[in-house]
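Colleague: Could you take me through one part of this model in close detail, namely the place where two of its domains come together? Please then set that part against the rest of the chain, and explain your reasoning as you go.

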Amino acid sequence: MERRSGALASLRAANRKLVVDALRARGMASRAELARATGLSRSTISTIVGDLIEAGLAVERDAADLDGESHAGRPPVMVSLDTSAGLALGVDFGHRHLRVAVSDLAHTVLAEKWSELDVDHSATEGLDLAAEFVEQVLAEAGADRNRVIGVVMGLPAPIDRATGTVQDSSILPGWVGVDAAAEASARLGLPVEVENDANLGALAELVWGAAKGRSDVFYIKVSTGIGGGIIAGGRLQHGVGGTAGEIGHTRLLPDGPVCRCGNRGCLETIASSRAIANLLSESRREEVSARDVLDLAKAGDSAAQRLIADSGQALGLAIANLCNLLNPEAVIVGGDLSGAGDLLLAPMREAVLRNGIPSAVKDLAIATGVLGERAEMLGALALVMHEAERFQAPALIAEGAA
Ligand SMILES: [Zn+2]
């Protein structure tokens with residue numbers, strides 16, 4: 001009898017975890033959606049949701065109130081996790097910016113702050129400012145730091161998974177050799193996980209942006225460098241060492257320019273916004289920034305337009321190869337060069353269709369991301385919601401509480 005009730009309790013805890021994880025991943029859901037997502041019966045869902053609400057860990061919300069639109073008939077009652085269930089902190093370091101935000105597990109950003117940063121800032125300066133911003137967003141949100149269940153910090157640099165240190169990077173030169181996670185944890189007094197920025201962009205577009213509702217997506221960030229994030233079966237793919245998705249180092253020209261990775265002719269050396277800006281600087285005999293390339297192209301400058309189109313073609317070739325391997329349903333293009341819109345995407349589409357096998361690319365959606373400069377910060381928050389086993393919420397997994 002004892003054993004049977006023990007088995008029952010662990011089944012209840014497992015079911016509760018399924019429901020909580022589904023709520024974390026979705027932000028909010030109706031009871032019917034939860035039943036579909038978890039495979040549990042409507043009555044089991046009702047019991048678990050009732051228990052979570054009674055414990056103050058979940059709340060009911062009216063769908064009509066949330067989107068401000070009137071629904072035909074009675075809108076479904078939505079359920080989301082309450083602020084008391086836990087909070088997520090996201091920190092995003094870019095080439096020249098810092099963003100910090102706090103959100104609840106219902107995907108509501110409660111407060112955020114950002115600042116420009118000197119490109120050559122040191123890791124110490126950057127981390128001190130991040131710690132200051134974390135205090136400020138927590139205060140602004142009226143949030144208790146004890147309820148933070150996860151802090152994710154995005155960096156545009158390769159991270160050595162074994163040692164946690166930032167590898168050689170021309171994008172964050174002041175961070176090389178720094179154990180970013182340990183340094184940040186010490187300053188914040190909270191465990192911090194470091195994640196590649198393109199992986200975070202992928203997750204953000206999946207949860208909040210252009211890939212919402214999809215499950216197999218490739219996100220490509222085309223900026224100073226080129227990175228990528230793979231979502232397969234609704235999950236971010238890290239690979240064994242954390243470098244999955246590094247499409248920027250696909251070799252396209254065997255005798256091409258030397259890349260920061262040590263190889264020659266990588267996609268990044270041909271198609272990144274820095275590569276294009278360098279080429280245009282040479283031909284114009286004046287310093288041209290990535291921003292200038294976009295402005296010139298939009299103003300009709302044929303050299304700038306040509307370089308962006310060439311970049312789109314090269315990206316399309318690499319993406320076609322990737323599609324043959326992974327067969328995603330959508331490719332979302334982010335990073336500063338995505339601001340070129342169809343100047344970049346039209347030649348990219350053409351190259352994907354020409355070089356991919358038809359079954360892999362004929363129905364592929366290619367679109368620009370919609371989250372812009374906030375993508376990586378939102379992705380840092382989304383990682384806390386999505387990877388429940390990495391970021392456990394003590395209140396939510398209390399065994400036998402259901
Ligand atoms: Zn390379």
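Modeller: A good place to start is Glu376, which is buried, with a relative accessible area of 5%. Please keep in mind throughout that this is a predicted model. Glu376 forms a salt bridge with Lys221, and the closest N and O atoms of the two are 3.4 Å apart. Because Glu376 belongs to helix α14 (residues 375–386) while Lys221 belongs to strand β9, this pair ties together parts that are 155 residues apart in sequence. Lys221 is itself buried, its relative accessible area being 15%, and because the cut-off for that word is under 20%, both partners of the bridge fall on the buried side of it, at 5% for Glu376 and 15% for Lys221.

Lys221 has another acidic partner, for its side chain also meets that of Asp197 in a salt bridge, at 2.7 Å from N to O. Asp197 counts as buried too, at 8% relative accessibility.

For contrast, consider a pair within one helix: Arg187 forms a salt bridge with Glu183, with 3.1 Å between the closest N and O atoms. These two residues are 4 apart in helix α6 (residues 180–188), so about one helical turn separates them. Arg187 is partly exposed, with a relative accessible area of 28%, and Glu183 likewise counts as partly exposed, at 36% relative accessibility. Asp197, on the other hand, lies in helix α7 (residues 197–207) and Lys221 in strand β9 (residues 217–222), so that pair ties together parts that are 24 residues apart in sequence.

Now to the domains themselves. The protein chain is divided into domain 1 (2–81), domain 2 (87–201 + 378–394) and domain 3 (210–370). By these bounds Asp197 falls within domain 2 and Lys221 within domain 3. The C-alpha centres of domain 2 and domain 3 lie 25 Å apart, and where the two domains meet, 17 residues of domain 2 are in contact with 17 residues of domain 3. Between them the two domains bury about 1,400 Å², of which 43% is on carbon and sulfur atoms. The rule finds 2 salt bridges across this interface, whereas a search of the whole structure finds 22. Elsewhere, Glu193, Glu195, Glu387 and Arg390 are linked in a network of salt bridges, and each of these four residue numbers falls within the bounds given for domain 2.

Domain 3 also takes in the residues that hold the zinc ion, since the bounds 210–370 include His249, Cys259, Cys261 and Cys266, which coordinate the ion through ND1 of the histidine and SG of each cysteine, at 2.0 to 2.3 Å. The angles among the 4 donor atoms run from 103 to 123°, and the site is tetrahedral. As a point of reference, the ideal angle for four tetrahedral donors is 109.5 degrees. In sequence, the donor residues follow the spacing H-x9-C-x1-C-x4-C. His249 and Cys259 both lie in the loop between β11 (235–237) and α8 (267–271), so the pair ties together parts that are 10 residues apart in sequence. His249 is partly exposed, at 23% relative accessible area, while Cys259 is buried, at 7%.

Finally, two backbone positions deserve a careful look when you inspect the model. Most residues other than glycine have a negative phi. His107, however, has a positive phi, near 70°, and is found in the loop between β5 (97–104) and β6 (109–116), where the residue counts as buried at 11% relative accessibility. Asn327 also has a positive phi, of about 50°, although it is not a glycine; its place is in the loop between α11 (302–326) and β12 (330–334), and Asn327 is partly exposed, with a relative accessible area of 45%.

Methods: Residues numbered from 1 in each chain as written. Predicted model: local features only at pLDDT ≥ 70, side-chain atom pairs only at ≥ 80, totals over all residues. Heavy atoms only, no water. Donors = N, O, S within 2.8 Å, 3.2 Å for Na, K, Ca; no water. Tetrahedral: all angles 85-135°; square planar, octahedral: opposite > 155°, others 65-115°. Buried < 20%, exposed > 50% of the residue type's maximum accessible area, 1.4 Å probe, protein only. Domains from an automatic or database assignment. Contact = heavy atoms within 4.5 Å. Buried area = accessible area lost by both parts, 1.4 Å probe. Salt bridge = Lys/Arg side-chain N within 4 Å of Asp/Glu carboxyl O.
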